[in-house]
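Please look through the sequence and the structure below before reading on. The report then takes up a few of the places where parts of the model meet.

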Amino acid sequence: MTNRERRIGDVVLKVDNISLAFGGVKALTDISFDVREHEVRAIIGPNGAGKSSMLNVVNGVYTPQIGRITFRGADGELLTFDHMNPRRAAEMGIARTFQSLALFKGMSVLDNIMTGRNLRMKSNILLQAVRFGPALAEELEHRAFVENIIDFLEIQAYRKTPVGRLPYGLQKRVDLGRALAMQPRLLLLDEPMAGMNVEEKEDMCRFILDVNDEFGTTIVLIEHDMGVVMDISDRVVVLDYGRKIGDGTPDEVRSNEAVIAAYLGVAH
Amino acid sequence: MGNLRKNWPIITLICGILIGMIVPLASGMSTPGFYVEVLLGGLMSGVLYSLVALGFVLIFKASGVFNFAQGAMVLFAALAMARLAEWIPQLTGIDSRLVSNMLAFLIAMALMVGFAWLVERLVLRHLVNQEGVVLLMATLGITYFIDGVGQTVWGSDIYEINLGLPKTPTLIAEGLFQGGILINKEDLVAAVAAGLLVLALAVFFQKTATGRALRAVADDHQAAQSIGIPLNTIWVIVWAVAGIVALVAGMIWGSKLGVQFSLSLIALKALPVVILGGLTSVPGAILGGLIIGVGEKFAEVFLGPILVKAFDLAGGGIENWFAYVLALAFLLVRPEGLFGEKHIDRV
């Protein structure tokens with residue numbers, strides 16, 4: 001653990017006073033927190049606490065009414081936005097996975113993960129079609145990168161299988177693989193372990209920690225299973241009814257009374 | 001075994017089609033030579049249905065829009081091609097028909113790309129996430145708009161596209177069949193051109209990064225956006241590709257029958273094709289087009305006389321309804337078509 005703590009760096013993502021409402025329903029109220037480089041940051045909370053909304057704000061799917069998002073660009077410069085949009089987020093190096101799987105079901109595992117390399121492909125479309133010269137070299141280079149991810153996630157056997165035919169746990173891995181193919185600097189995971197059995201959860205935990213260790217990717221993940229989160233995160237934000245009720249290391253959060261009340265209920 | 005029991009309606013239907021195809025030959029109703037001629041004739045018109053259906057499928061896959069304007073696009077592209085090929089020699093003094101046809105083709109292609117860009121800019125962009133029926137109505141509007149504008153710009157007479165292909169029928173395979181088979185060289189060239197186009201599209205979709213992005217968008221909009229695929233650009237690309245397919249279809253059809261308003265109506269023939277092949281399947285559109293093309297020719301030539309004799313009818317006209325009845329049968333037993341995606345809703 002000390003090893004990991006030592007390499008945690010500067011703030012890469014900061015959200016300030018984010019408020020988001022859908023009509024009269026307040027999804028998020030005045031949320032602020034930051035994420036440091038190389039850390040695993042969790043956002044937890046009971047169902048309906050606003051966790052996914054928070055992720056969607058960072059990723060640009062939702063536009064908050066109030067608040068700012070600050071993200072450190074690839075060149076180290078801090079950029080502040082009123083809102084993101086999914087395309088810009090992707091270009092700046094933010095990748096995400098989805099709670100309800102959003103894979104390209106008719107395409108093979110390989111093609112799904114290759115789409116993650118799309119933003120990085122620069123060669124001429126005609127050259128790509130005939131697989132000539134620089135286009136061929138580029139395709140091979142990206143293919144090699146994707147093969148590494150496939151090895152890493154241990155899904156070699158399913159390379160050519162249409163994703164729609166794979167069991168749920170494996171689909172979740174492909175989703176992670178596609179996000180990794182983007183070589184993100186910030187990886188957002190929306191309930192990566194939802195609906196999994198214990199064994200699949202353990203596998204997924206291992207992958208998340210390995211990604212963090214080996215590639216140094218900063219990870220923000222959402223979970224409502226407290227136990228899993230406490231084991232793998234460096235710091236935890238706790239949301240309840242759209243408000244932040246706790247923020248700190250797993251130990252701090254675990255002993256926070258507001259958090260205990262939110263999860264276990266409190267006697268009135 | 002379970003598969004067989006579950007799929008019996010579709011198997012029966014396919015067997016019915018196959019038997020319908022074999023009987024005329026086996027029963028001695030027609031000579032082998034004539035049989036092959038009817039088959040080829042059906043395949044030829046099938047190729048054109050396939051091209052129009054392909055335009056439908058491309059747009060439906062990538063944007064979920066059922067593009068009613070596909071037929072109008074065929075007409076518009078064909079009109080542009082016909083008139084430009086006529087005007088270019090007059091304006092520039094270019095003598096060669098090949099050069100002016102090439103120029104006309106390139107300009108018409110540029111027009112279709114520009115049209116795709118305008119549709120995205122002015123219509124699709126503002127209707128993102130609307131109901132399918134709203135988008136359908138929008139394409140219906142586009143249909144009538146470009147039908148009208150096409151005639152305003154290019155004129156409303158019947159024009160011809162002269163590709164300089166020999167129109168004289170030739171006899172082939174005289175040694176093989178008694179009397180040989182009568183075919184049209186122009187039809188052969190057209191079929192080869194259509195085949196090449198389909199091949200080029202397949203390579204584009206399967207082998208290029210843009211093609212992969214197109215397939216990704218077709219599969220899931222939200223996920224595609226989150227990995228940085230720009231939806232707007234993709235839509236322009238598919239509409240442009242559909243426009244170019246429409247141009248090729250219009251050109252082939254126009255050089256065969258002349259460019260006239262009725263070209264716009266072949267879109268209606270493409271509807272049974274996409275129902276048969278599946279709205280989301282490119283191979284389905286191609287195979288569906290061929291089945292409908294051959295099916296209606298066979299129905300007209302072989303089934304027609306039988307019906308006339310049996311029920312003492314006036315005869316004729318089978319070609320007009322056969323495709324729709326076949327499509328209806330498919331809707332009853334296999335609504336997603338031969339190759340379409342089956343929708344399984346989680347309850």
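What follows describes the contact of the chains, the nonpolar core, a pair of helices and the domains of one chain.

This is a predicted model, in which local features need pLDDT of at least 70 and side-chain atom pairs count only at pLDDT 80 or more, while totals for chains, interfaces and linings use all residues. Residues are numbered from 1 along each chain as its sequence is written, and chains are lettered from A and ligands numbered from 1 in the order in which they are written.

**Where the chains meet**

Chain B has 20 residues in contact with 26 residues of chain A, two residues being in contact if their C-beta atoms, placed from the backbone, lie within 7 Å. On the chain B side, the elements that give two or more residues are α7 (185–207), α8 (209–219) and α9 (221–226) of chain B, and α8(B) gives the most, with 7 residues. Helices here are DSSP runs (H or I, at least four residues), numbered from the N terminus.

The table sets out the classes of residue on two contact sides; Ala, Val, Leu, Ile, Met, Phe, Trp, Tyr, Cys and Pro count as nonpolar, Asp, Glu, Lys and Arg as charged, and the others, Gly among them, as polar.

| Side | Nonpolar | Polar | Charged |
|---|---|---|---|
| Chain B, touching chain A | 9 residues | 6 residues | 5 residues |
| Domain 1 of chain A, touching domain 2 of chain A | 8 residues | 1 residue | 2 residues |

**The core and a helix pair**

The largest nonpolar core has 172 residues, of which B:A77, B:A78, B:M81 and B:V238 touch the most other members. Such a core is a set of buried Ala, Val, Leu, Ile, Met, Phe, Trp, Tyr and Cys residues joined through C-beta atoms within 7 Å, where buried means that 20 or more other C-beta atoms lie within 10 Å of a residue's own. Helix α10 (residues 231–257) of chain B supplies the largest share of this core, 18 residues.

α8(B) and α10(B) pack at an angle of about 105°, with their axes (lines fitted to C-alpha atoms over the stretch in contact) 10 Å apart. The two helices are therefore roughly perpendicular to each other, a term for angles of 65 to 115 degrees. In this pair, B:T210, B:A213, B:L214 and B:V217 of α8(B) meet B:L231, B:I234, B:I237 and B:V238 of α10(B).

**The domains of chain A**

Chain A is divided into domain 1 (1–93 + 184–268) and domain 2 (102–182), with bounds from an automatic or database domain assignment. Their centres, taken over C-alpha atoms, are separated by 27 Å.

Methods: A residue is buried if 20 or more other C-beta atoms lie within 10 Å of its own, exposed if 12 or fewer, and partly exposed in between; C-beta atoms are placed from the backbone. Axes are lines fitted to C-alpha atoms, for helices over the stretch in contact, and angles run from 0 to 180 degrees between N-to-C directions. Angles under 35 degrees count as roughly parallel, over 145 as roughly antiparallel, 65 to 115 as roughly perpendicular and the rest as oblique.
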